[in-house]
Amino acid sequence: MEKKSYLIPFQSIGESSIGYISVAESAQNIPFEIKRVYWTYFTPENIVRGRHAHRQTEQILIAVAGRITVTVEAADDPIPQVFVLDHPNMGLYIPPSVWHTMQYSHSAVQLVLASKEYDATDYLRNYEEFKQIWSLKN
Ligand code: T46
C-alpha cells in the first residue's frame with residue numbers, strides 16, 4: 001500500500017488584531033527533511049499545471065495566498081481526490097507515485113516544501129507510463 005495524500009493543518013500563531021504566523025519545521029510537523037523550497041505565482045486561471053508524479057520526492061503544497069485546486073491520483077487507486085487549498089494555515093502532503101495537477105486562482109501563491117533537490121529524472125510526466133510502472137510493481 002502506497003502512502004496517501006493528506007492535509008496538514010498548521011497552527012495560526014497570533015490573532016486578527018496583529019496578524020498570524022504559521023511554521024513548518026522538519027522535526028515537528030513535516031514528515032521529511034526539507035531539502036528545497038519553491039513557489040509558483042501569476043499562473044493564469046485557465047492553466048492546469050503539474051500533470052506528473054514523482055518517483056521519490058515528497059512534497060507539501062501550501063496556498064500562502066489565493067486558492068489552489070489540487071487533484072491527486074494515487075498509483076494504487078484510480079479514483080482521483082480533489083483538495084481545495086484556500087487558507088495559508090493548511091498544507092497538502094503529496095507522497096511519491098501520486099499523479100497531481102493544480103489550478104490556481106488569479107492571486108494564488110503556492111509555496112512548496114520538497115524532500116529532495118531538483119532532479120528532472122525524478123519526474124514521471126507520461127500518464128500511461130505512470131500507470132504501467134505501478135502495475136509492473138504489483
Ligand atoms: C510539482 C508541482 C507542485 C526547476 O528548474 N527547479 C525546480 O525546483 C522546479 C520545481 C522547477 N524547475 C523548472 C523545471 C521546468 O523547466 O521549472 C520549470 C517548470 O516546472 P514544472 O513544469 O514541473 O512546473 P509545475 O508547476 O507543473 O510543477 C511544479 C514542480 O515542478 C513539481 O515538482 O510537484 O509544482
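**Exercise 1. Work out how big the largest pocket of this predicted model is and what lines it.**

Start with the volume: the largest pocket comes to about 300 Å³. Remember that the model we're poking at is a predicted one. Next, the lining: 17 residues make up the wall, and those nearest the centre are Tyr38, Thr40, Arg49, His52 and Met102. Now ask which strands these walls come from: β4 (36–41), β5 (49–54), β6 (59–65), β10 (98–104) and β11 each give at least two lining residues. Last, sort the lining by chemistry, and you get 7 nonpolar, 7 polar and 3 charged residues.

**Exercise 2. Find the residues around the ligand, then pick out polar contacts to its oxygen atoms.**

First, list the surroundings: the ligand has 13 residues around it, with Arg36, Arg49, Gln59, His100 and Tyr123 the closest. Then go through the polar pairs, using 3.5 Å as the limit. Arg36 puts a polar side-chain atom 2.6 Å from a ligand oxygen. Tyr123 also has a polar side-chain atom 2.6 Å from an oxygen atom of the ligand. For His52, the gap between a side-chain N or O atom and a ligand oxygen is 3.1 Å.

**Exercise 3. Is His100 buried or exposed, and what does it touch?**

Place it first: His100 sits in strand β10. Its relative accessible area is 3%, so His100 is buried. Now look beyond its neighbours within four places in sequence: the contacts of His100 include Arg49, Gly50, Arg51, His52, Ala53 and His54, along with Gln59, Thr71, Val72 and Ile94. Check the side chain too: one of its polar atoms is 2.9 Å from the backbone oxygen of Val98. Finally, a C-alpha check: His100 and His54 are 46 residues apart along the chain, and their C-alpha atoms are separated by 9.3 Å.

**Exercise 4. Take two loop residues, Ser115 and Asn46, and decide for each: buried or exposed?**

Ser115 belongs to the loop between β11 (109–114) and β12 (123–124). With a relative accessible area of 9%, under the 20% cut-off, Ser115 is buried. What packs against it? Leaving aside neighbours within four places, Ser115 contacts Phe32, Glu33, Lys35, Gln56, Thr57 and Glu58. A polar atom of the Ser115 side chain is also 2.8 Å from the backbone nitrogen of Glu58.

Asn46 is in the loop between β4 and β5. Here the relative accessibility is 62%, so Asn46 counts as exposed. To finish, compare positions along the chain and in space: Asn46 and Ser105 are 59 residues apart in the chain, with 9.1 Å between their C-alpha atoms.

Technical notes
Residues numbered from 1 in each chain as written. Predicted model: local features only at pLDDT ≥ 70, side-chain atom pairs only at ≥ 80, totals over all residues. Heavy atoms only, no water. Helix = DSSP H or I, 4+ residues; strand = E, 2+ residues; numbered from the N terminus. Buried < 20%, exposed > 50% of the residue type's maximum accessible area, 1.4 Å probe, protein only. Polar contact = N/O pair within 3.5 Å; in protein donor to acceptor, adjacent residues only side chain to side chain. Contact = heavy atoms within 4.5 Å. 1 Å grid on protein atoms, 1.4 Å probe; cavity = no way out; pocket = protein on both sides within 12 Å on 5 of 7 lines; lining within 4 Å. Points joined across faces, edges and corners; volume = space filled by probe spheres on them. Nonpolar A, V, L, I, M, F, W, Y, C, P; charged D, E, K, R; others polar. Near = heavy atom within 4 Å.
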